[in-house]
Amino acid sequence: MFGRKKKTPGPDINLLELVPEQTVDSTRDDDGIVTILGPRFKSGLMKKMVGSRLKSPHFKIALDDIGTAVWDNIDGARNIGEIANILKEKFGEKIEPCYDRLAMFLTQLEMSRFIRYKNIEQVKARRDEK
């Protein structure tokens with residue numbers, strides 16, 4: 001009710017055409033697994049008041065091997081369809097149902113503001129032309 005609505009793609013947007021880009025930093029451990037570094041506070045005031053007392057200004061989210069592969073391919077150039085094809089080639093049956101799993105994971109990343117979609121307006125414009 002009081003929160004701001006998330007701007008997720010509507011049902012008439014082809015998710016496979018969208019190009020995600022990362023909006024937060026990440027690290028990689030010795031095994032190659034990615035850990036996303038999410039900011040603890042988005043407000044500058046909270047960062048000043050509480051941030052200096054914390055060990056880290058970030059909270060950490062460790063991904064599994066599939067999540068790491070997705071994160072590595074979110075480069076601001078590949079669209080989701082291309083990422084899905086890379087995952088199918090790399091993981092085979094382990095990733096199935098690929099599109100459903102990928103859509104759910106990307107939705108969670110977008111709602112947490114870890115990614116955004118670069119070309120959502122272009123995709124909407126192309127849809128409206130049809």
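**Exercise 1. Find which residues line the second largest pocket, and which elements supply them.**

Solution. Start with size: the second largest pocket has a volume of about 170 Å³. A pocket here is an open set of points on a 1 Å grid over the protein atoms alone, where a 1.4 Å probe fits, with protein on both sides within 12 Å along at least five of seven lines. Volume is the space filled by probe spheres set on the points. The model is predicted: local features need pLDDT of at least 70, side-chain atom pairs count only at pLDDT 80 or more, and totals for chains, interfaces and linings use all residues. Residues are numbered from 1 along each chain as its sequence is written, and side-chain values use heavy atoms, without hydrogens and water.

Next, list the lining (residues with an atom within 4 Å of a point). The residues are D64, I66, G67, V70, L87, I95, C98, R101, L102 and F105. Then assign elements. Both α2 and α4 (98-111) give two or more residues. The most come from α4, with four residues. Helices (H or I, at least four residues) and strands (E, at least two) are DSSP runs, numbered from the N terminus.

**Exercise 2. Work out the strand order of the open sheet and place helix α2 against its strands.**

Solution. Three strands make the sheet, in the order β2-β3-β4, with antiparallel pairing. Strands pair if DSSP finds at least two bridges between them. At the edges are β2 (25-28) and β4 (58-62), each pairing on one side only. The average twist is 30 degrees from one strand to the next.

Look closer at β2 and β3 (residues 34-39): four bridges join them. T27 stands opposite T35 in β3.

Now add the helix. α2 (residues 65-73) lies across β2 and β3, at about 65 degrees to β3. Such angles run from 0 to 180 degrees between N-to-C directions of axes fitted to C-alpha atoms, for helices over the stretch in contact.

**Exercise 3. Decide whether W71 is buried or exposed, and trace what W71 touches.**

Solution. Locate W71 first: helix α2. W71 counts as buried because its relative accessibility is 2%; buried means under 20%, exposed over 50%, partly exposed in between (1.4 Å probe, protein chains only).

Then check contacts (heavy atoms within 4.5 Å). Not counting residues up to four places away in sequence, W71 touches Q22, V24, S26, V34, I36, L63, L109, F114 and I115.
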